[in-house]
Amino acid sequence: MALLTSAADDPVTYARRWQHAHRRPVIGSFPMNFPAELAHAAGALPVIVQESRTPITEGRSLLAEFYCGYTRSVADQAAIGELDVFDAFVAADHCVQLLGAVDVIRYARPDKPVHFAQFTSAMDNASTRPRVDDRIADVRAEIESVTGHRVTDAALRESIAAFNRNRGLLRDIYALRRSGRAHITASEMQVLVKSSMVMDIDEHTGLLKDLLVRLTAEAAPADVVRVHVSGHFCHAPRPELLDVIEESGAIVVDDDLYTGYRYISTDVPEESDPVAALSEWYLDRNHNAPCPTRVTSDVDWDTYLLDSIAASGASGVVVLMAKFCEPHMLYYPELRKALDAQGIPLLLIETEHEGIPLEKLRTQMETFVERIRRSAAPLTV
């Protein structure tokens, strides 16, 4: 866990050390839909750029204050040179704010190649699949140009298999947590997923295998309240925020966070043409973990959430909403309506880069937990 935590907490230092040791490029990407296998198959290290914990300084003049904390942090990191370790940046679109942050990188670091692959957000139109195929082919060509290495089909298949193995191990750990066979805190679970976004995938897989051997069963207290944590599509919630949730009498048994189950929900098919398989992965993700920035006619995030709650036995939902996250803000009323209709308790917590008062959060969580306990307690005469 110490090695994984180090990489998760300081991805830039990890990338710099890897670059020095291997003398190969490091490719930066952004949430939520970039196929990292393409960069790996070219011999590069794919790293998802993370929010920095440092205060935003120069970035304040580059993006408006009503942009979310993640995008303002990315802009600031670009401005002060923290992202100079990356040899290139590749983005598969997610939201307007993220595109603004990518534009800041172009402005602040004009020498860095930046490729924008606009994946269509309408997932089941007749034109969607060929468009995604074309965009992935464009990304492949761009990465080959940046790295100077051809991405062969054989190398891409090996990379797909490597990332699938890693996602499978992380899903195994999720299953252990849901079942109660292993107690893994929410902040520890986040470290496991976040570090997989940063580290060499084979190194990370080796550490996960070692961790799985060491995990031991640890029963939760009888009166603990099982909750599902939802939201945060781009950046990782602060560990102290997750710790307060569980210190208040709750235990997180499942989530749909980006630095959580959303990231590992879907494997890439290994039997078909590898580029076509990456397109299939992109389309399948919205079935396995729906996103309000993507549209599939027969899929809804609220239905997915209700099914997940039923499967995990959660008694309530804690929604973490990044301040100014427009996709989440627009979808939240539908989410709340669905949970209210089923009588599932819900607590909304708005987060921001500058942090939130933890004692206020602790009071909110303790009240939320007590409300769930009282609603579940049998009536006495």
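The largest pocket of this predicted model is lined by 27 residues, with Ala8, Asp9, Glu51, Arg53 and Lys194 lying nearest its centre. A pocket here is an open set of points on a 1 Å grid over the protein atoms alone, where a 1.4 Å probe fits and protein stands on both sides within 12 Å along at least five of seven lines; lining residues have an atom within 4 Å of a point. The volume of the largest pocket is about 440 Å³, a volume being the space filled by probe spheres set on the points, which are joined across faces, edges and corners. Rolling a probe the size of a water molecule over the atoms shows where empty space is left.

Residues are numbered from 1 along each chain as its sequence is written. Local features need pLDDT of at least 70 and side-chain atom pairs count only at pLDDT 80 or more, while totals for chains, interfaces and linings use all residues, and side-chain values use heavy atoms, with hydrogens and water left out.

Where does the lining of the largest pocket come from? At least two residues each are supplied by α1 (2–9), α2 (11–22), β2 (45–48) and α8 (186–196), with helices (H or I, at least four residues) and strands (E, at least two) taken as DSSP runs numbered from the N terminus. Helix α8 gives the largest share, four residues. By character, the lining of the largest pocket splits into 12 nonpolar, eight polar and seven charged residues; Ala, Val, Leu, Ile, Met, Phe, Trp, Tyr, Cys and Pro count as nonpolar, Asp, Glu, Lys and Arg as charged, and the others, Gly among them, as polar.

The second largest pocket has a volume of about 150 Å³. Its lining holds 14 residues, of which Arg238, Leu241, Glu352, Gly355 and Ile356 lie nearest the centre. Five nonpolar, five polar and four charged residues make up the lining of the second largest pocket.

Turning to charged pairs, a search of the whole structure finds 23 salt bridges, each a side-chain nitrogen of Lys or Arg within 4 Å of a carboxyl oxygen of Asp or Glu. One of them joins the side chains of Arg109 and Asp84 at 2.7 Å, N to O. Arg109 sits in the loop between α5 (96–108) and β4 (114–117) and Asp84 in the loop between α4 (69–80) and β3 (88–92), so this pair ties together parts that are 25 residues apart in sequence. Asp84 counts as partly exposed because its relative accessibility is 34%, the classes being buried (under 20% relative accessible area), exposed (over 50%) and partly exposed in between, with a 1.4 Å probe and protein chains only.

Helix α6 takes part in two further salt bridges. In one, Arg129 meets Glu280, with the closest N and O atoms 2.7 Å apart. This pair links distant parts of the chain, since Arg129 lies in α6 (residues 128–147) and Glu280 in α12 (residues 274–288), 151 residues apart. Arg129 is partly exposed at 26% relative accessible area, and Glu280 is partly exposed at 27%. In the other, Arg140 pairs with Asp153, the closest N and O atoms being 2.8 Å apart. Arg140 belongs to α6 and Asp153 to α7 (residues 153–179), with their positions 13 residues apart in sequence. Is Arg140 buried or exposed? Arg140 is buried, with a relative accessible area of 17%, whereas Asp153 is partly exposed at 30%. Salt bridges also link Glu37, Arg167, Arg171 and Asp267 into a network.

Four strands form an open sheet with parallel pairing, in the order β6-β5-β7-β8; two strands pair if DSSP finds at least two bridges between them. β6 (250–255) and β8 (346–351) stand at the edges with a single partner strand each, so one side of each is left without a neighbour in the sheet. From one strand to the next, the twist averages 30°, based on lines fitted to C-alpha atoms and angles from 0 to 180 degrees between N-to-C directions. Six bridges join β7 (residues 316–322) to β8 in parallel, and Val317 stands opposite Leu346 in β8. Strand β5 (residues 225–231) pairs with β6 over five bridges, again in the parallel sense, and Val229 stands opposite Asp255 in β6. Six of the six residues of β6 are buried, so this strand is largely enclosed by the rest of the structure.

Finally, His204 is found in helix α9 (residues 201–214) and is buried, with a relative accessible area of 0%.
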